[in-house]
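The following note is offered to a colleague who is beginning to read protein structures. Please keep the sequence and the model in view while going through the points.

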Amino acid sequence: MDYISQFFSNKIIIAGIVSWTAAQCLKLLIYWIVNKKLNFERLFGDGGMPSSHSATVTSVALMSGLVEGFDSPIFGIAFILAVVVMHDASGVRLETGKQAKVINELLKIFEDLGKNNLSTEDKLKEFVGHTHIQVFAGFSLGIIVTIIFFCL
């Protein structure tokens, strides 16, 4: 039972979860403002503004440094992981989303020609990556959430 209380009192884990939640809620709100419709899929979906991956790993890295010290191995690992995740989000995953969009457009063309037997469920997911500004927004959100949480 002590493991459960330790888990839920771990500031590093809590900061990461709070940052992820804040980013996902902001995605829903921003999507609603921009598109004038609520899409609750944005609460759990990838891609979009801000990057929840970036917010989460930034928060985990910063809280690791604040709690364990910026010279600790834990911070070192968290920092490198954060850099890799943010680079991947705006690199490989962004390109994957662009490719999915093109493939989905090709499928639509084949469908219009009557030569496509794929259902709408077979469409590729287009929201998977982030622009640099979305990654930066997630990074900034992670810092803000962590500083607030650390000071409480």
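1. Does serine 51 count as buried or exposed? The model under review is a predicted one. In this model serine 51 has a relative accessibility of 0%. Serine 51 therefore counts as buried, since the cut-off for that class is under 20%.

2. The place of this residue in the chain should be noted next. Serine 51 belongs to a loop, namely the one between helix H2 (11-35) and helix H3 (52-68). Leaving aside neighbours within four places in sequence, the residues in contact with serine 51 are Ala23, His130, Gln134, Val135 and Gly138.

3. The polar surroundings of serine 51 deserve a separate remark. Its side chain makes a polar contact of 2.9 Å with the side chain of serine 54. In addition, a polar atom of the serine 51 side chain lies 3.5 Å from the backbone nitrogen of histidine 53.

4. The overall architecture may now be described. The protein chain contains 6 helices and 0 strands. Read from the N terminus, the order of elements is accordingly written α-α-α-α-α-α. Of the contacts between residues at least 6 apart in sequence, 70% join residues at least 24 apart.

5. Burial and surface can also be stated for the chain as a whole. The protein chain has 152 residues, of which 34% count as buried. The exposed area is about 9800 Å², and 70% of this area is supplied by carbon and sulfur atoms.

6. The aromatic residues form a further topic. A pair of aromatic rings is described by the distance of the centres and the angle of the planes. The structure holds 5 aromatic pairs. One of them joins phenylalanine 75 and phenylalanine 79, with 5.8 Å from centre to centre and 35 degrees between the planes. This pair is classed as tilted, because the angle is neither under 30 degrees nor over 60.

7. How far apart in sequence are phenylalanine 75 and phenylalanine 79 in helix H4? Both lie in helix H4 (residues 73-90), and they are 4 residues apart, which means that about one helical turn separates them. Phenylalanine 75 counts as buried because its relative accessibility is 16%, whereas phenylalanine 79, at 43%, counts as partly exposed. Ring pairs also bring in Phe70, so that Phe70, Phe75 and Phe79 are linked into a cluster.

Definitions and conventions:
Residues numbered from 1 in each chain as written. Predicted model: local features only at pLDDT ≥ 70, side-chain atom pairs only at ≥ 80, totals over all residues. Heavy atoms only, no water. Helix = DSSP H or I, 4+ residues; strand = E, 2+ residues; numbered from the N terminus. Buried < 20%, exposed > 50% of the residue type's maximum accessible area, 1.4 Å probe, protein only. Contact = heavy atoms within 4.5 Å. Areas by Shrake-Rupley, 256 points an atom, 1.4 Å probe, with all protein chains shown as cover. Polar contact = N/O pair within 3.5 Å; in protein donor to acceptor, adjacent residues only side chain to side chain. Phe/Tyr/Trp six-rings, centres within 6.5 Å; stacked < 30°, edge-to-face > 60°.
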